[in-house]
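Visitor: I would like a close look at a single part of this protein. Could you take me through a sheet, strand by strand, and then show me what lies elsewhere?

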Amino acid sequence: MKSLGQILLELNLVTQEQLDEGIKIQEEKGGLIGEILVKKKLLSEAGLLKALGIQYNMDYHTAISVNELNTEFTEKVPIQYLKKYCMIPLIGRDSKKIAINNPVDFQPLDDLKLQLGLKDAETVLAPKAEILSSINFIYDSSQDSAEQVLQDMNDESGDSIISAIQEAGDLLDDTSDAPIIKLVNVMLSQAVKDKASDIHIEPTQKGLKIRYRLDGILYDMISPQKQIQAALISRIKVMADMNIAEKRLPQDGRIEIRIGDKNIDIRVSTIPTAYGERVVLRLLDKTKIFISVTELGMPDERLGEFNELINAAHGIFLVTGPTGSGKTTTLYAALSQINSTDKNIITIEDPIEYQLEGVGQIQVNPKIDLTFSRGLRSIVRQDPDVILVGEIRDLETAEIAIQSALTGHLVFSTLHTNDAASAVTRLIDMGIEPFLITSSVIAILAQRLVRVICPLCKEAYTPDEQSLLKVGITPEMLKGRSIYRGRGCPACLNTGYSGRTGIFELLIVNESIQNLILKTSDSNAITQKAVENGMVTLRQNGAQKVLKGITTIEEVFRVTYQ
């Protein structure tokens, strides 16, 4: 058998100098020559597998097709075993193979063949990422749904299971066979799979209702029996490191879990109600990369103005909208756009939703009196160029933010108001003088999130004239265009929608707006003047997206109705 080094040289995958460097490291520290070369970035993984394929007379698969994956073996082989040795059975109709990443691991491979009765299965090489991704996919596909777990609990003599749960009491005994633990695990993994942002567990007089929030809308998912309520909520509280004995006071906790290749951060909140504790779990996918400004959904002309404003030398840029309207996402997109080595960016947030590389992020902590205002006062002493304040909640925070803007800092923050002009009214109501607003605030962006029509079941239809006028679409605007809606299909869970995008209203505080603010705090008058200056309102921007076939009339009306 030829040596691996010889094959690599023959294939021109490494030079003699690179091979010598790898051999020197091997002599000093030990290890496999191929892995050393890949680790030192002298050789790609694909190149190594190609050479190993020649050395061990094995086929090399650059990718694993979904058609080669089968869930038959998932009950016999633990997922941890396959991940540890990086291999996966590919059991198709016409062929039986096992994809591996390291051909030297003979023993685990032989054990797997014996376990699955695949003695004659062909062994092929595949990239590590492809194998791990396929393992996650196959075990995710084979997992029971929450409904199935509940059905099994009911079928398997429900009363005996419930009494066993009540007798056991030890919820820290984390065995996946325990019905409640299995139900919680499946409930969480299904929520992640369906891309839910929240899980609501709501006790009623006679039962228990579990709902998921998908694309901003709550949907009923499962309704377990009332008897498992205490055990289910206690299990979640144990996972969140909360006091399971305290049921009379609201509590907050946090769970960190890994599902497949995703790291999920879960914020848990409980409140006491008449029929037991109500629990809300907010799911944050930490592995998800936050979006760039070009993906926010702004039209090109608005995006150009937005980019100019976020690159301003100083001033306050406010983003407004109700809870869950994507304000934080927009601000993160802005920060990542302007983030560079020559800028010192510091944020104070509640909570920190995403980690930003090269940005100092502070978590608000009321227990130790680390509030927005106190944190902001300290940030100013850290010589920042850009400051992000998660939310302006009180007069003190607003005053410090304005002073920071007036002393040469660019400040980003959010307010809970219905439209852009109302932010001015809110600040004045807080006690901020109008002249301070005009001299510090450079722009206010109001936004909402609308659901995007599912591309797989999208269909054209003719809406009635009244529906069109509801969102400001006239018959003239409709000429030569079609209006679309989603019919509903399994891919979008029969909702007709898949994903969300933003609609925006950008109020630039120019000279004419400044003069008006000094005279009045009436938001209607400010909006009117801004529209005269060319501002596109939320509903108008929504109508543009309806005409482009991105969203529906009902969606725009739902999020802009006041």
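Guide: Happy to; here is a walk through the sheet, followed by a brief visit to the cores and one loop. Please keep in mind that this model is predicted.

The sheet is an open one of six strands, with antiparallel pairing and the order E7-E6-E5-E10-E9-E8. At its edges stand strand E7 (217-222) and strand E8 (251-259); each has a single partner strand, so one side of each is left without a neighbour in the sheet. On average, neighbouring strands are turned by 25° against each other, direction ignored.

Let us stop at one pair. Strand E9 (residues 262-273) and strand E10 (residues 276-285) run antiparallel and are joined by 10 bridges. One residue to look for is Thr 273, whose bridge partner in E10 is Gly 276. Packed on the sheet is helix H11 (residues 229-239), which touches strand E5 (198-203), strand E6 (208-214), E8, E9 and E10. The direction of H11 makes about 45° with that of E10.

Now for the cores. The largest nonpolar core has 41 residues, and Ile 526 is among those with the most contacts inside it, as are Leu 507 and Leu 427. Leaving aside residues up to four places away in sequence, Ile 526 touches several residues, including Val 424, Leu 507, Ile 513 and Leu 516. A second, separate core has 39 residues, among them Leu 49, Leu 69, Ile 100 and Ala 126.

Last comes the loop between helix H21 (523-532) and helix H22 (538-547), where Thr 537 lies. Thr 537 counts as buried because its relative accessibility is 17%, under the 20% cut-off. Not counting residues up to four places away in sequence, Thr 537 touches Phe 504, Glu 505 and Val 531.

Terms used:
Residues numbered from 1 in each chain as written. Predicted model: local features only at pLDDT ≥ 70, side-chain atom pairs only at ≥ 80, totals over all residues. Heavy atoms only, no water. Core = buried A, V, L, I, M, F, W, Y, C linked by side-chain atoms within 4.5 Å. Buried < 20%, exposed > 50% of the residue type's maximum accessible area, 1.4 Å probe, protein only. Contact = heavy atoms within 4.5 Å. Pairing = 2+ DSSP bridges. Helix = DSSP H or I, 4+ residues; strand = E, 2+ residues; numbered from the N terminus. Axes fitted to C-alpha atoms, helices over the stretch in contact; angles between N-to-C directions.
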